[in-house]
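Here are some short exercises to work through with the model open beside you. Try each task on your own before reading the solution.

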Amino acid sequence: MSEPSKININRRGLMFVLSSPSGAGKTTLSKLLREWDPSLGLSISATTRSPRPSEVEGEDYLFVSTQEFLKQRDRGEFLEWALVFEHYYATPRKPVEQALDAGRDVLFDIDWQGAEQLRESARDDVVTVFVLPPSAQALEERLQKRAQDPPEVVAKRMAGAGNEIRHYDVYDYVIINDDLEQSLKSIQAILIAERLKRNRQPGLQEFVSQIEKDLILGE
Ligand code: ADP
Ligand code: 5GP
């Protein structure tokens, strides 16, 4: 799926939030979305949990001690933070603000508590998408297939999935991630449409004025 227009209108960056119960597929979808549109920035969260075998410091997360996390939180360095499965997670404020100021959109893989805090602080700039698994069984199979967490962690995440899922009803969009390709198409469609919203294109006024002037001159 390609972008509709190559004309460059000054835009305000948006915050594109993906949430889901662990294992429903948001990390996979985030990666595919950023391959499709490399201009989309990714907010790299800080966390106090240990890295999974495949995770890379600074790419997947900023892995920090609880002491360091609390210090940064108390200095106001996070846009939002939450306790999820007994570990702290947070969005560092500075890189997000820099990207938005430069007109870049930023993707967030955060839970419902984080989505709620972003909505409260920047409603007009936040678009939220909830990713549901096609069934409880598929969710468990995916958590097991990922094979990155020990069985007791998988069990804890399955037990917590109901609590995450019940927050789907405050999200702007909901995707049932059954067929991955179809889910990616849906997320691309949401991003394209949200970027075209009039209030996200402050440069439109100048663009239209120029067309109006050219029309008069052409008369
Ligand atoms: P999350 O980030 O939501 O915890 P992941 O993106 O890590 O979930 O996905 C969990 C597992 O499910 C991964 O092994 C991934 O390859 C797989 N997966 C993701 N989406 C689908 C899908 N639509 N169909 C089948 N497997 C999927
Ligand atoms: P995981 O440990 O599987 O990477 O993530 C567990 C949960 O924490 C997921 O629901 C993920 O979206 C959420 N999460 C990751 N980073 C952040 C963050 O910065 N803030 C919040 N609120 N949640 C996060």
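Keep in mind throughout that this is a predicted model.

**Exercise 1. Find the residues around ligand 1, and say which of them come nearest.**

Step 1. Start with the shell: 15 residues lie around ligand 1, and Gly23, Thr27, Thr28, Arg146 and Asp178 come nearest.

Step 2. Sort the shell by class. You should get three nonpolar, seven polar and five charged residues.

**Exercise 2. Work out which polar contacts ligand 1 makes with Gly25, Lys145 and Asp178, and how much of the ligand the protein buries.**

Step 1. Recall the cut-off: a polar contact is a pair of N or O atoms within 3.5 Å.

Step 2. Look at the backbone. A polar backbone atom of Gly25 is 3.0 Å from an oxygen atom of ligand 1, and a polar backbone atom of Asp178 is 2.9 Å from a nitrogen atom of the ligand.

Step 3. Turn to the side chains. In Lys145, a side-chain N or O atom is 3.4 Å from a nitrogen atom of ligand 1.

Step 4. Now consider the surface: ligand 1 taken alone exposes 570 Å², and the protein buries 82% of that.

Step 5. Finally, ask which elements give two or more residues to the shell around ligand 1. They are α1 (26–36) and α5 (136–146).

**Exercise 3. Describe the surroundings of ligand 2.**

Step 1. Ligand 2 is surrounded by 18 residues, the closest being Ser45, Arg49, Tyr61, Tyr89 and Arg157.

Step 2. By class, this shell has six nonpolar, five polar and seven charged residues.

Step 3. Follow the oxygen atoms of the ligand. One oxygen atom is 2.6 Å from an N or O atom in the side chain of Arg49, and an oxygen atom is 2.8 Å from an N or O atom in the side chain of Asp109.

Step 4. Then take the nitrogen side: a polar side-chain atom of Asp111 lies 2.8 Å from a nitrogen atom of ligand 2.

Step 5. On its own, ligand 2 has 510 Å² of accessible area, and the protein covers 96% of it.

Step 6. Two elements to locate are β5 (78–84) and β6 (87–92), which give two or more residues to the shell around ligand 2.

**Exercise 4. Locate the salt bridge of Asp37 and say which parts of the chain the pair links.**

Step 1. The structure holds 12 salt bridges.

Step 2. The partner of Asp37 is Arg195, with their closest N and O atoms 2.7 Å apart.

Step 3. Place both residues: Asp37 is in the loop between α1 and β2 (41–42), whereas Arg195 is in helix α7 (residues 180–195). The pair, 158 residues apart, links distant parts of the chain.

Methods:
Residues are numbered from 1 along each chain as its sequence is written. Chains are lettered from A and ligands numbered from 1 in the order in which they are written. This is a predicted model: local features need pLDDT of at least 70, side-chain atom pairs count only at pLDDT 80 or more; totals for chains, interfaces and linings use all residues. Side-chain values use heavy atoms; hydrogens and water are left out. A residue is near a molecule or strand if one of its heavy atoms lies within 4 Å of it. A polar contact is a pair of N or O atoms within 3.5 Å; within protein, one must be able to donate a hydrogen and the other to accept it, and residues adjacent in sequence count only if both atoms are side-chain atoms. Accessible areas come from the Shrake-Rupley method with a 1.4 Å probe; for residues, only the protein chains shown count as cover. Helices (H or I, at least four residues) and strands (E, at least two) are DSSP runs, numbered from the N terminus. Ala, Val, Leu, Ile, Met, Phe, Trp, Tyr, Cys and Pro count as nonpolar, Asp, Glu, Lys and Arg as charged, and the others, Gly among them, as polar. A salt bridge is a side-chain nitrogen of Lys or Arg within 4 Å of a carboxyl oxygen of Asp or Glu.
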